[in-house]
Amino acid sequence: MIKAVAATGQLGTGFKAETLAHAAEGADFIGCDAGSSDPGPYYLGSGQTQSSDAAVRRDLELMIAAGLRHDIPVLIGSAGTAGAGPHLARTVRIVRELAAEHGWHFPLATVDSEVSAERVVRAYREGRLSPLAGAPDIDEESIRAAGHIVAMQGPECFADALGRGAQVVVAGRTSDTAIFAALPMLRDIPPGVAFHAAKILECGAAAVVERKYPDSMVAFLDPDGFTVEPPNPDMVCTPQSVASHTFYETADPFRLVEPGGTLVTTDAAYAPVSDRAVRVTGSTFEPAGDYTVKLEAASLLGYRTVVFAGVRDPLVVRQIDRFMATTNAVITGKVADSLGIAADDYRIRWNVYGRNGTLGPLEPATEVSGHEVALLIDIVAADQQAAQAIGSIAWHTALHQPIPEYSGLVSHLAFPVSPPAISAGPVYGFSLNHVLHLDDPAETYTLTVENV
């Protein structure tokens, strides 16, 4: 029997200290995912982190203290949100600072999964890259333009670190499940059981009926299946809540692709074993013909300025498409005349919240049904100064843009903040969404173990 503990769904989002303390009793390891591509390409491109250092430090302090108290490993994956070199270094620095502050001593493993552009270019030339759904077109120039390229590692990197005696492992970009599947598989838990339990654990307490706040989760694994139970007595799991989390963030609800194969949950059964715990059996794993890792990269697209404004005038609301089109045409002319910037050298995007601001062209109900809408005018230009200058023209033009029903100078927009045009900094786009075919799982990571 293996007792696995997920501290929370993402490092830095928090958990109750008493919950983790209770969960760590009798545990075999504590794991925590620290990142994702969900927040978009900015973090990978910029090297910045989603969670603050203070929040990450608080979570790591409690986790490492529990790991040392019970002499069990602490495993962190996708360090610093995006898992590139700067993110890994930032997280490792916090770990070292905590160790020095508390006088802790333990073997620390770091797993660097950033890949050089030249290595990816060689793989491109050799035909070892395969695009995933929605992948951008690539060439050698676009690969070299990426700010950071990371390879999403499987459980092998954690197994490697544990095999070398590490007690705390901080890894760059990894799959969410790799963090929680590695140690169970090292101890002969079948991969179907290990990966399915890992899928439930990866988001902490998210598999409960109602997750009122981020918190820990526990799974007990054996060769025939696993039992998941929240250590917080205020939370409960049901077969429906656990099964629904199996479907979370998967293109196919019954097949989850990992670097070394596919978790298959078609025949999985979910049964209550108490009023708070669920037993899962029947999961299998199909090994892949070859080993692949997903490559993620982000490239700089420009610099952003945004304008937020409310529109409550019913005459404008009912003709919002015409209003935006005529206003945009005037903005384009003003930008060319005043700034000398051609339309092809920047982008303006309008989002209408209250109509289709969330789904855009996929929204089936395209008529405005409320009395007001909010406009987001999103400008991206080659540099921040240009984006800000265009933003100033955009908000002033939209504020006073005439409509046929009025004569004289009118003002249509209500701005919630001053200044109305807000500099939002660099803009990145994902420039790789491909898998790299490998002969050896260790080809795209570098493992270092040291005593701290």
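Trainee: In which loop does Pro419 lie?

Mentor: This is a predicted model, and in it we can place Pro419 by the elements on either side of its loop, which are two strands. Pro419 lies in the loop between strand E18 (413-414) and strand E19 (421-438).

Trainee: Is the peptide bond from Ser418 to Pro419 cis or trans, and what is its omega?

Mentor: As background, most peptide bonds are trans. The bond from Ser418 to Pro419, however, has an omega near 5°, and the form of this peptide bond is cis.

Trainee: Which residue other than glycine has a positive phi near 55°, in the loop between H3 and E3?

Mentor: It helps to know that most residues other than glycine have a negative phi. In the loop between H3 and E3 there is a residue with a positive phi, near 55°, although that residue is not glycine. The residue is Asp71.

Trainee: How are H1 and H3 oriented to each other, roughly parallel or roughly antiparallel?

Mentor: Two packed helices are described by the angle between their axes and the distance between the axes. The axes of helix H1 (residues 17-24) and H3 come within 10 Å and cross at roughly 25°. Angles under 35 degrees count as roughly parallel, and so H1 is, with respect to H3, roughly parallel.

Trainee: Which residues of H1 make the contact with H3?

Mentor: H1 passes H3 in a right-handed crossing. On the H3 side the contact is made by Arg58, Leu62, Met63, Ala66 and His70, and on the H1 side by Ala17, Leu20 and Ala24.

Trainee: Are H8 and H9 roughly parallel or roughly antiparallel?

Mentor: The axes of helix H8 (residues 178-186) and helix H9 (residues 191-201) come within 8 Å, and they cross at roughly 150°. Because angles over 145 degrees count as roughly antiparallel, the orientation of H8 to H9 is roughly antiparallel.

Trainee: How many nonpolar residues does the contact of H8 with H9 have?

Mentor: From H8, the residues Phe180, Ala181, Pro184 and Met185 meet Pro191, Ala194, Phe195, Ala198 and Leu201 in H9. By class, this contact has no polar and no charged residues, and its number of nonpolar residues is 9.

Trainee: What word describes how H12 and H13 lie to each other?

Mentor: Helix H12 (residues 320-339) and helix H13 (residues 384-400) have axes that come within 9 Å and cross at roughly 135°. The angle falls in none of the ranges for roughly parallel, roughly perpendicular or roughly antiparallel, and therefore H12 and H13 are described as oblique.

Trainee: Which helix supplies the largest share of the lining of the largest cavity?

Mentor: A search of the whole structure finds 3 cavities of 30 Å³ or more, and about 80 Å³ of space lies in the largest cavity. Its lining includes Thr81, Arg90, Thr91 and Ile94, and at least two residues each come from helix H3 (53-70), strand E3 (74-81) and helix H4 (85-102). The largest share, 3 residues, comes from H4.

Trainee: How many charged residues are in the lining of the second largest cavity?

Mentor: About 40 Å³ of space lies in the second largest cavity, and among the residues that line this cavity are Tyr43, Arg173, Glu296 and Phe430. By class, the lining has 4 nonpolar and 4 polar residues, while the number of charged residues is 2.

Terms used: Residues are numbered from 1 along each chain as its sequence is written. This is a predicted model: local features need pLDDT of at least 70, side-chain atom pairs count only at pLDDT 80 or more; totals for chains, interfaces and linings use all residues. Side-chain values use heavy atoms; hydrogens and water are left out. Axes are lines fitted to C-alpha atoms, for helices over the stretch in contact, and angles run from 0 to 180 degrees between N-to-C directions. Helices (H or I, at least four residues) and strands (E, at least two) are DSSP runs, numbered from the N terminus. Angles under 35 degrees count as roughly parallel, over 145 as roughly antiparallel, 65 to 115 as roughly perpendicular and the rest as oblique. Contact means heavy atoms within 4.5 Å. Ala, Val, Leu, Ile, Met, Phe, Trp, Tyr, Cys and Pro count as nonpolar, Asp, Glu, Lys and Arg as charged, and the others, Gly among them, as polar. On a 1 Å grid over the protein atoms alone, a cavity is a set of points where a 1.4 Å probe fits but cannot get out, and a pocket is an open set with protein on both sides within 12 Å along at least five of seven lines; lining residues have an atom within 4 Å of a point. Grid points are joined across faces, edges and corners, and a volume is the space filled by probe spheres set on the points. A crossing is left-handed if the near helix is turned anticlockwise from the far one by less than a right angle, and right-handed if clockwise.
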